[in-house]
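Let's take a walk through this one together, starting from a single side chain and working outwards. Have the sequence and the model side by side.

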Amino acid sequence: MGGRVRSRREAKAALFEYMAIFYNRKRRHSSIGDRTPEQARIDMAAAMAA
């Protein structure tokens, strides 16, 4: 983001974008074996295809 937000709506949108894109997709989660959700989905799809 890098800068000031002009409204509460803009701040909420920026926070949602951060959480949806970085925090939930790229951050490693201990509950799924310290993998990212994307890695876990790829592993699950590979296991189902085998």
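Setting aside residues up to four places away in sequence, histidine 29 is in contact with Tyr23, Asn24, Asp34, Arg35 and Pro37. Bear in mind as you look that this is a predicted model. Where does histidine 29 sit? You'll find histidine 29 in the loop between α1 (8-23) and α2 (37-49). Is histidine 29 buried or exposed? Its relative accessibility is 17%, so histidine 29 counts as buried, the cut-off for that label being under 20%.

Now pick up arginine 27, which lies in the loop between α1 and α2 as well. Its side chain makes a polar contact with the side chain of histidine 29, at 3.1 Å. Arginine 27 is partly exposed, because its relative accessible area is 29% and that label covers the range between 20% and 50%. Which residues does arginine 27 touch once those up to four places away in sequence are left out? They are Phe22, Arg35, Thr36 and Pro37. Arg35 and Pro37 are thus on the contact lists of both histidine 29 and arginine 27. You can also follow arginine 27 across to glutamate 38: 11 residues separate the two along the chain, and their C-alpha atoms are 9.6 Å apart.

Back to Tyr23, one of the contacts of histidine 29. Tyrosine 23 lies in helix α1, and with 32% relative accessibility it counts as partly exposed. Tyr23 also helps to make a nonpolar surface patch of about 470 Å², together with Leu15, Tyr18, Met19 and Phe22. Phe22 is a name you've just met, as one of the residues that arginine 27 touches.

Next, the charged pairs. How many salt bridges does a search of the whole structure find? There are 2. One of them brings us back to arginine 35, which pairs with aspartate 43, the closest N and O atoms being 2.7 Å apart. Arginine 35 is partly exposed, with a relative accessible area of 28%, and aspartate 43 counts as partly exposed too, at 38% relative accessibility. So arginine 35 forms a salt bridge with aspartate 43 and is in contact with histidine 29.

The other salt bridge links arginine 6 with glutamate 10, and here the closest N and O atoms are 3.3 Å apart. Arginine 6 is exposed, at 75% relative accessible area, whereas glutamate 10 is partly exposed, at 27% relative accessibility.

Methods. Residues are numbered from 1 along each chain as its sequence is written. This is a predicted model: local features need pLDDT of at least 70, side-chain atom pairs count only at pLDDT 80 or more; totals for chains, interfaces and linings use all residues. Side-chain values use heavy atoms; hydrogens and water are left out. Helices (H or I, at least four residues) and strands (E, at least two) are DSSP runs, numbered from the N terminus. Buried means under 20% relative accessible area, exposed over 50%, partly exposed in between (1.4 Å probe, protein chains only). Contact means heavy atoms within 4.5 Å. Patches are made of residues with over 30% relative accessible area and no salt bridge: like charges are joined within 9 Å, nonpolar side chains (Val, Leu, Ile, Met, Phe, Trp, Tyr) within 5 Å. Accessible areas come from the Shrake-Rupley method with a 1.4 Å probe; for residues, only the protein chains shown count as cover. A salt bridge is a side-chain nitrogen of Lys or Arg within 4 Å of a carboxyl oxygen of Asp or Glu. A polar contact is a pair of N or O atoms within 3.5 Å; within protein, one must be able to donate a hydrogen and the other to accept it, and residues adjacent in sequence count only if both atoms are side-chain atoms.
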